[in-house]
Amino acid sequence: MNQANPILKVESLTVDFLSDNEPVRAVDNVSFHVNRGETLVILGESGSGKSVSTSTVMDLIDCPPGDIVAGTCVFDGVELSRLDAEARRNINGRRIAMIFQDPLAYLNPVYTVGRQIGEVFESHGAGSGKEARAKSIELLRRVGIPEPESRIDYYPHQFSGGQRQRVMIAMAIALKPDILIADEPTTALDVSVQAQILDLLRDLQRETGMALIMITHDLEVAAAMADRVIVMNAGSIVEAGLAREVFSNPQHAYTRRLISALPHGDAAEVSNRRSTTSAGETLLQVENLTKEYVVASGAFAGKRRFRAVDDVSFEVRRGETVGIVGESGSGKSSIARILLRLNEPSSGKAVFAGQDVFRMRGKPLMDFRRKVQMVFQDPYGSMNPRMNVRAIISEPWVIHRDILPRKAWKDRVAELLELVGLKPEHAERYPHQFSGGQRQRIAIARALASEPQLIICDEAVSALDVSIQAQVIELLADLRTRLGLSYIFITHDLPIVRHFADRIMVMKQGRIVEEGPTSTIFSAPRHEYTQSLLRAVPKPKWLVPEERPTAERSVGKTGLRLERTRNGSLAG
Amino acid sequence: MTIITPDTKPATGPGTGRVLLAYLTRDRLALAAAAFLAIFIIAAIFGPLLVGDAASRLGLRQRNLAPFSFEHGWIYFLGADTLGRPILARLIVGAQNTLGIAAAAVFSSMLIGGALGLVAGYSERWYSHLILRLADVVMSFPSLLLALIVLYTLGPSIANLVIVLAVTRLPIYLRTARAEVLELRERMFVSAARSMGAGPARIILRHIAPLVLPSLVTISAIDFATVILSESALSFLGLGIQPPNFTWGAMVANGRGYLATAWWIAFWPGLSIMLTTLSLNILSNWARTIADPQQRWRLQRLRKAAR
């Protein structure tokens with residue numbers, strides 16, 4: 001583990017992104033190194049430059065608009081920037097491999113996974129045809145894809161999210177790289193699947209002795225994986241050291257804020273941000289909501305019915321936060337879309353302020369759409385790329401003319417931007433110029449613009465780093481007390497709901513399996529599924545003995561079973 | 001931007017026109033294209049006033065005069081045609097009809113085809129199917145035959161010519177716009193707008209149309225040449241523009257028989273058509289870069305950090 005010369009050494013790397021006038025500094029004088037067999041975690045919020053610094057190692061930065069101002073990357077004694085494109089290609093994939101956050105976007109949808117894994121062998125001349133196929137099957141088996149012999153001919157969309165990430169890992173480790181760079185590999189995944197992927201990465205590392213550079217904003221994941229950790233903020237390294245020391249005794253103010261941001265475990269009970277007033281009148285009453293899809297599974301198989309949402313009933317009171325927890329595909333996003341009338345339900349009723357939502361037309365529907373807002377999971381996708389921030393935030397006022405006179409728009413946009421922690425001058429920028437966390441703040445500002453009564457947050461903070469999460473949650477909680485807002489808070493992230501939600505519903509395969517006040521759900525979960533979710537939260541590496549206890553293994557297996565049953569069905 | 005922020009421009013920032021000009025000067029090729037088109041447009045507007053008579057003056061002594069000589073005055077620099085009329089003057093005068101007809105036809109087919117495509121893509125009602133089937137009919141019918149029938153029954157005139165040319169090119173814009181809308185309407189920001197209460201008109205015009213427009217503009221730039229040439233084909237058949245009026249297309253058709261002996265009669269109008277189309281293409285490419293906030297940096301002043 002402690003070799004004299006590290007496998008990768010990055011020295012005072014500085015990267016700019018050029019735009020009109022002043023260049024934007026993405027990475028500022030960053031140095032780090034990683035040894036063989038070691039796990040280095042780069043921890044930081046989105047936009048802190050952690051992905052840019054590793055992308056430079058992989059030569060994935062387009063220049064221009066990127067501009068590498070200074071710095072060296074020495075890999076195994078070779079300075080990477082001196083190599084030509086051919087030599088770089090030989091290193092990429094063969095000796096340094098990378099896995100990404102969103103495997104669906106990085107896998108080609110028109111080729112089978114077998115062909116895509118085989119391509120890795122072929123393009124590096126490590127086998128072709130039958131040989132590559134046999135190796136691919138072996139790899140798929142190694143990363144835990146069931147029945148690899150038949151599933152090698154499946155297309156990416158036929159795998160669940162966790163399995164796709166496994167396929168990506170299989171491609172990355174195909175040529176036994178010296179370094180594996182994992183860029184937020186589990187951010188898009190559910191807790192139990194996340195635990196399995198992390199286990200897999202650890203096992204693979206132990207087997208092959210490769211170095212692992214893991215980029216994450218998730219403190220728990222970082223703690224579970226890291227030997228050493230570097231903390232990045234605004235393009236610079238603010239703290240670096242052994243994971244255990246950084247986590248138990250943080251030196252820099254930013255790190256301290258990160259670590260104390262969201263109280264985890266039982267501490268959340270003490271310092272929670274649940275609503276203090278006991279819930280008022282009923283705002284939204286959902287009864288027996290069902291959404292059924294008819295899936296034609298084959299030419300002769302006949303039609304199969306699939307219930308994305310199965311007989312769901314709940315209510316939301318004024319000033320209350322209802323958390324909906326479940327894995328992807330459990331139907332929680334479907335509920336949000338149906339409640340917003342983006343999809344029509346198969347049956348059921350939802351009464352908002354005395355009116356049936358599903359029967360609304362014309363004026364009542366317009367009023368409803370003003371009073372109920374949604375913050376989407378993917379803030380980038382939910383904003384028109386051709387509109388600047390001012391246009392995005394003022395859109396509700398264009399649609400609902402009576403909210404605000406046009407003269408007041410400019411000031412109100414500035415006010416809303418400040419309210420969500422951005423600067424008024426950001427109004428002239430476009431969505432792609434912001435980081436993920438900033439975009440989500442813009443989305444929240446837009447949701448607040450129409451002065452709603454109910455905000456549906458679909459994984460609204462899942463992609464943000466903990467300190468931002470905490471700020472956004474604080475913000476939402478403040479708005480709740482000040483404006484009497486209600487929230488439906490959809491997430492797979494348990495610590496957040498524990499901190500923020502008054503009541504929690506746990507969903508599995510379209511059904512509510514457990515419902516109750518937050519403290520009860522966490523202290524005395526009744527349903528087996530809830531218990532397994534709670535157990536799957538990753539634990540710090542230094543607290544876990546090298547041989548993993550059998551309990552967590554069994555969680556992994558239940559998770560695997562879930563994945564398999566979900567496969568082939570429509571993802572919610 | 002035009003809808004939301006007409007009066008909220010920062011007072012210190014330069015005006016939109018200035019910014020566009022700055023972007024234009026950073027792309028040399030686009031600047032050249034714009035200058036070239038400007039010359040043509042000026043020629044089309046003011047040219048007839050200057051050289052109007054010369055274009056139709058017969059000069060039997062200058063019949064098939066070769067280009068590049070000042071012997072008979074600068075107006076004969078590009079040579080003369082079979083009846084001794086100076087080609088330079090005819091190019092200038094012909095520009096008005098050529099560019100006018102082509103621009104009117106291309107613009108109206110882009111506007112109507114694009115609008116129908118937006119509707120057909122966004123709506124799933126009966127009329128969207130009707131629009132599509134009509135487009136299929138126009139597409140499957142030989143366009144020259146359609147033009148022949150229409151112009152034969154209605155009589156050849158510039159207005160009819162524009163209508164026929166526009167209708168035959170309509171399906172291209174319609175199909176393209178619809179295909180893009182089908183993809184765009186499933187995007188998250190459209191869902192977000194719907195959930196905010198935006199009506200179909202707003203979603204189509206504000207959210208979808210700006211993303212479809214660049215493709216349509218690019219197609220129309222390429223289509224410009226096709227329209228000029230099909231107009232000349234119709235003129236050749238006697239159904240297009242009627243003498244003594246003429247267009248570049250008609251000039252090409254006129255010189256077709258003399259390619260071996262007097263190449264310049266067909267060459268200069270042909271070159272004009274090509275350069276116009278090329279300029280439009282370059283310019284539409286530039287406009288597309290400007291319209292996309294993520295591509296705009298290519299035309300911005302990139303100042304590197306000191307090192």
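**Note on the predicted model: helix contact, sheet, hairpin and chain interface**

1. In chain B, residues B:I228, B:L229, B:E231, B:S232, B:S235 and B:F236 of α8(B) are in contact with B:W248, B:G249, B:A250, B:V252 and B:A253 of α9(B). By class, the residues of this contact are seven nonpolar, three polar and one charged. The model is a predicted one.

2. Which residues do these two helices span? Helix α8 of chain B covers residues 200-236 and helix α9 of chain B covers residues 248-255. Their axes come within 8 Å and cross at roughly 60°. An angle of 65 to 115 degrees would count as roughly perpendicular and one under 35 as roughly parallel, so α8(B) is oblique to α9(B). The crossing of α8(B) and α9(B) is right-handed.

3. Chain A is assigned two domains, domain 1 (8-261) and domain 2 (315-536). Between the C-alpha centres of domain 1 and domain 2 of chain A the distance is 31 Å.

4. Chain A has an open sheet of six strands with mixed pairing, in the order β16-β17-β18-β13-β19-β20. Which strands stand at the edges? They are β16 (372-375) and β20 (511-517) of chain A; each has a single partner strand, so one side of each lacks a neighbour in the sheet. From one strand to the next, the twist averages 15°.

5. At one edge of that sheet, β16(A) runs parallel to strand β17 (residues 454-458) of chain A, and four bridges join them. One of the residues involved is A:Q373, whose bridge partner in β17(A) is A:I455. Helix α17 (residues 436-449) of chain A lies across β16 and β17 of chain A, at about 175° to β16(A).

6. A hairpin in chain A is formed by strand β14 (residues 347-352) and strand β15 (residues 355-356), which are antiparallel and joined by two bridges. A:F352 has A:Q355 in β15(A) as its bridge partner. Two residues lie between the strands of the hairpin, and A:A353 takes a positive phi near 50°.

7. How many residues does each chain give to the contact of chain A with chain B? Chain A gives 39 residues and chain B gives 28 residues. On the side of chain A that touches chain B, β4 (66-75), α14 (362-371) and α15 (389-399) each supply at least two residues. The largest share, seven residues, comes from α15(A). By class, this side of chain A has 18 nonpolar, 10 polar and 11 charged residues.

Key. Residues are numbered from 1 along each chain as its sequence is written. Chains are lettered from A and ligands numbered from 1 in the order in which they are written. This is a predicted model: local features need pLDDT of at least 70, side-chain atom pairs count only at pLDDT 80 or more; totals for chains, interfaces and linings use all residues. Domain bounds come from an automatic or database domain assignment. Two strands pair if DSSP finds at least two bridges between them. Two residues are in contact if their C-beta atoms, placed from the backbone, lie within 7 Å. Ala, Val, Leu, Ile, Met, Phe, Trp, Tyr, Cys and Pro count as nonpolar, Asp, Glu, Lys and Arg as charged, and the others, Gly among them, as polar. Axes are lines fitted to C-alpha atoms, for helices over the stretch in contact, and angles run from 0 to 180 degrees between N-to-C directions. Angles under 35 degrees count as roughly parallel, over 145 as roughly antiparallel, 65 to 115 as roughly perpendicular and the rest as oblique. A crossing is left-handed if the near helix is turned anticlockwise from the far one by less than a right angle, and right-handed if clockwise.
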